[in-house]
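Biologist: I'm new to this one, so could you walk me through it? Let's have a look first.

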Amino acid sequence: MSGDFIKILQPIVHYGFHLLVPGALAFLFFRKRWKRAWLIMVCTMVVDADHLLATPIFDPNRCSIGFHPLHSYYAIAFYFILLLFPKTRIIAVGLLFHMFTDWQDCHFSQIMMHLKLLTS
């Protein structure tokens with residue numbers, strides 16, 4: 001896989017996972033109210049507000065997981081606890097899938113760093 005291909009693929013996968021996959025999850029698991037569930041899951045992206053606390057705010061080489069407060073392992077554990085309660089379940093699914101999306105994005109960054117080392 002070339003670095004150019006990964007540079008194109010990474011944002012497509014990242015934003016597709018943030019916007020489209022929650023729609024599929026909503027349709028699969030919350031079929032009676034899938035549009036509302038999808039909207040709620042997309043709204044969980046507000047969790048990215050914790051990026052405003054970092055300097056720089058955006059660093060393409062930084063992994064969000066374990067770095068930002070709302071992306072910490074403690075926060076993720078709390079999101080799992082939210083799954084236990086029916087009233088917070090959709091929010092929990094949105095938050096956890098958001099964390100999964102950011103986690104896979106970290107792997108794309110690692111692949112890019114590895115490819116840069118190989119071509120140096």
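Biologist: How do the residues lining the largest cavity divide into nonpolar, polar and charged?

Modeller: This is a predicted model, so local features need pLDDT of at least 70 and side-chain atom pairs 80 or more, while totals for chains, interfaces and linings use all residues. Residues are numbered from 1 along each chain as its sequence is written, and side-chain values use heavy atoms, without hydrogens or water. A cavity is a set of points on a 1 Å grid over the protein atoms alone where a 1.4 Å probe fits but can't get out, and lining residues have an atom within 4 Å of a point. With Ala, Val, Leu, Ile, Met, Phe, Trp, Tyr, Cys and Pro as nonpolar, Asp, Glu, Lys and Arg as charged and the others, including Gly, as polar, the split is 5 nonpolar, 4 polar and no charged.

Biologist: Which element gives the largest share of that lining?

Modeller: The lining includes Phe17, Phe97 and His98. Helices are DSSP runs (H or I, at least four residues), numbered from the N terminus. The largest share, 3 residues, comes from H5.

Biologist: Is Phe97 buried or exposed?

Modeller: Buried means under 20% relative accessible area, exposed over 50%, and partly exposed in between. Phe17 has 25%, so that one is partly exposed. Phe97 has 16%, so the answer is buried.

Biologist: Which residues form one aromatic cluster with Phe17?

Modeller: Phe, Tyr and Trp (its six-membered ring) pair if ring centres lie within 6.5 Å; planes under 30 degrees apart are stacked, over 60 edge-to-face, the rest tilted. Phe17 and Phe97 make a tilted pair at 5.7 Å and 40 degrees. The cluster joins Phe17 with Phe97, Phe100 and Trp103.

Notes
1 Å grid on protein atoms, 1.4 Å probe; cavity = no way out; pocket = protein on both sides within 12 Å on 5 of 7 lines; lining within 4 Å. Helix = DSSP H or I, 4+ residues; strand = E, 2+ residues; numbered from the N terminus. Buried < 20%, exposed > 50% of the residue type's maximum accessible area, 1.4 Å probe, protein only.
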